[in-house]
Amino acid sequence: MRVTFIHQSLAKLNQQLKQLALEANNPDAELIRICFAYGKAEHEIPKLAQSLGAQKVIVSHDDEWRSLQRDKQVQHALEQIGIAWQSVKDHVIFERQEVLTQGSKPYSVFTPYKKAWLQQLALNQAVIHEHSTQGLGGALAPVPSYLNCGLPTLPEMGFSDALPDHPILHPGTVAGLTAWSDFTSRIDCYDQTRDFPAVKGPSYLSVHLRFGTVSIRELARLAVSRMQKGSTGAEIWLSELIWRDFYHQILHHHPRLCEGKSFKPEYDQIQWETGAAADADFQAWCLGQTGYPLVDAAMRQLNQTGYMHNRLRMVVASFLIKDLGIDWRWGEAYFAEKLLDFDFAANNGGWQWASSSGCDAQPYFRIFNPISQSEKFDAEGKFIRRYLPELAALDNKSIHAPWMSKGTKPSNYPGPLVDHAQARIKTLERYAVVKMKG
């Protein structure tokens with residue numbers, strides 16, 4: 001789905017560029033377009049740059065290990081043909097070495113990082129200033145007519161051209177701006193609504209942030225301006241943007257995370273469940289068949305739409321790790337496969353937070369109760385009924401734990417994979433190796 005989102009967003013951007021050129025009365029308007037290439041970056045980018053007579057290739061930073069290796073290969077190939085390479089910050093507000101402790105060390109705890117981040121912003125407001133695009137249409141260079149670099153179709157590249165029909169997942173900058181505009185009317189109550197999956201509380205901008213169809217600087221400006229007017233919702237939302245920066249700088253300073261290592265090395269000593277039973281439990285979790293309705297509804301939302309509500313990401317992660325005793329890396333990999341807004345730094349940070357192995361993570365003895373989470377954040381079962389229609393007839397109390405219902409239990413919904421109370425005890429024993437080291 002991610003490739004489909006990118007493809008459709010690029011097609012829309014291509015049309016927007018042509019429209020800009022037409023509005024500017026550019027005589028080469030028909031040749032104003034993106035030049036596309038499909039293949040290995042280290043082959044296609046130098047070839048295209050040479051064909052265009054480019055002097056420099058400029059890209060944005062990416063600290064994921066595979067991306068760094070790719071960029072090194074591209075840079076080397078460009079240098080061989082005399083073309084300069086420049087990598088710049090674009091995806092975050094502050095990165096890499098920009099927010100450090102007084103001892104010039106990277107932060108590993110969020111709260112002091114956030115304080116330093118805000119201090120840095122106060123000193124350098126320019127990082128979130130708007131960049132003017134006035135006159136851009138007339139400045140765009142035409143693609144040489146001898147270059148055949150149209151956008152290949154998704155089937156030609158071996159991908160599906162279908163996206164879930166979900167308004168929050170619509171591709172392109174226009175859709176991103178529409179989602180941003182909608183959120184501006186709700187941001188002030190974000191702190192009150194963000195945890196309830198049946199309510200329109202989140203910003204729904206994560207996929208647009210991931211692929212650059214909205215600007216992180218524009219979103220930060222919105223949050224800061226509303227904070228200055230006393231908006232608690234904007235303050236909480238800005239914290240989410242800062243968490244995003246935090247996880248990216250963690251990845252930069254600790255590249256071993258790309259190798260599946262725990263941020264806290266002692267957590268790599270934990271013995272996870274393995275074998276056929278663990279495989280079966282994992283499959284049930286993936287398919288939304290654990291017998292715990294909120295967990296199952298969340299997983300079905302992910303499988304059907306490529307999106308999952310942020311509160312539910314914590315709930316399902318806690319259930320996989322601390323109820324089923326399954327290695328957090330299995331869940332991390334499944335999210336990487338399914339999430340439309342997948343971002344390695346944030347995904348890894350979130351899963352290590354849930355497993356208590358990451359920087360500034362929840363304590364290992366904090367274990368979400370999937371029933372109480374359901375009762376608290378989906379009290380009327382509206383979200384559950386949306387994705388588990390087989391439970392629609394249950395009352396608002398029974399829907400959170402159908403096996404406890406005194407009435408007729410649904411025959412087409414599984415019983416619970418595990419008893420949460422017993423699983424909690426087993427998890428505390430599993431984590432004993434960490435406690436002893438602590």
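A pocket, in the sense used here, is an open set of grid points with protein on both sides within 12 Å along at least five of seven lines, and the volume given for such a pocket is the space filled by probe spheres set on its points. The structure shown above is a predicted model, and the walk through it begins with a pocket of this kind. In the second largest pocket lies about 1300 Å³ of space. Its lining is made up of 42 residues, and those lying nearest the centre of the pocket are Glu240, Trp243, Tyr247, Asn310 and Arg313. Four helices, namely H9 (206-211), H11 (232-253), H14 (310-323) and H16 (344-355), each contribute at least two residues to this lining, and the largest share, eight residues, comes from H11. By residue class, the lining of the second largest pocket divides into 22 nonpolar, nine polar and eleven charged residues.

From this open space we can turn to an enclosed one. The structure holds one cavity of 30 Å³ or more, and the volume of the largest cavity is about 90 Å³. The largest cavity is lined by 13 residues, with Tyr247, Ile250, Leu257, Asn348 and Gly349 lying nearest its centre. Tyr247 is thus named among the residues nearest the centre of the second largest pocket and also among those nearest the centre of the largest cavity. Helices H11 and H16 each supply at least two residues of the cavity lining, and H16 gives the most, with six residues. The lining of the largest cavity divides into nine nonpolar and four polar residues, with no charged residue, whereas the lining of the second largest pocket includes eleven charged ones.

The next topic is the pairing of strands. Strand S1 (residues 56-60) and strand S2 (residues 84-88) run in the parallel sense and pair over five bridges, and within this pairing Ile58 stands opposite Gln86 in S2. Between the two strands the chain passes from S1 through helix H3 (residues 65-80) to S2, in a β-α-β crossover that is right-handed.

Beyond S2, the chain enters a loop that offers two points of backbone geometry. Most residues other than glycine have a negative phi. Arg96, in the loop between S2 and helix H4 (110-123), has instead a positive phi, near 40°. Ser104, which is found in the loop between S2 and H4, likewise has a positive phi, of about 60°, although it is not a glycine. Ser104 has a relative accessibility of 53%, and because the class of exposed residues begins over 50%, Ser104 counts as exposed.

Charged side chains provide another way of following how the parts of the chain are connected. Side chains of opposite charge can pair when their charged atoms come close. With a cut-off of 4 Å between a side-chain nitrogen of Lys or Arg and a carboxyl oxygen of Asp or Glu, the count comes to 18 salt bridges. In one of them, the side chains of Arg329 and Asp268 meet with 2.5 Å from N to O. Arg329 lies in helix H15 (residues 328-338) and Asp268 in the loop between H11 and helix H12 (275-287), so the pair ties together parts that are 61 residues apart in sequence. Asp268 has a relative accessible area of 32% and is partly exposed.

A further salt bridge joins the side chains of Glu273 and Arg430, at 2.9 Å from N to O. This pair links distant parts of the chain, with Glu273 in the loop between H11 and H12 and Arg430 in helix H19 (residues 420-430), 157 residues apart. Glu273 is partly exposed, with a relative accessible area of 25%, while Arg430, at 12% relative accessibility, counts as buried. Asp182, Arg186 and Lys200 are joined into one network by salt bridges that share partners. Within this network, the closest N and O atoms of Asp182 and Arg186 are 3.0 Å apart; Asp182 counts as partly exposed at 26% relative accessibility, and Arg186 as buried at 10%.

The last stop is a contact between the start of the chain and a later part. Gln16 lies in helix H1 (residues 2-23) and is partly exposed, with a relative accessible area of 29%. Although Gln16 and Val174 are 158 residues apart along the chain, their C-alpha atoms are separated by 9.7 Å.

Terms used. Residues numbered from 1 in each chain as written. Predicted model: local features only at pLDDT ≥ 70, side-chain atom pairs only at ≥ 80, totals over all residues. Heavy atoms only, no water. 1 Å grid on protein atoms, 1.4 Å probe; cavity = no way out; pocket = protein on both sides within 12 Å on 5 of 7 lines; lining within 4 Å. Nonpolar A, V, L, I, M, F, W, Y, C, P; charged D, E, K, R; others polar. Pairing = 2+ DSSP bridges. Right-handed = clockwise from strand over helix to strand, strands pointing away. Buried < 20%, exposed > 50% of the residue type's maximum accessible area, 1.4 Å probe, protein only.
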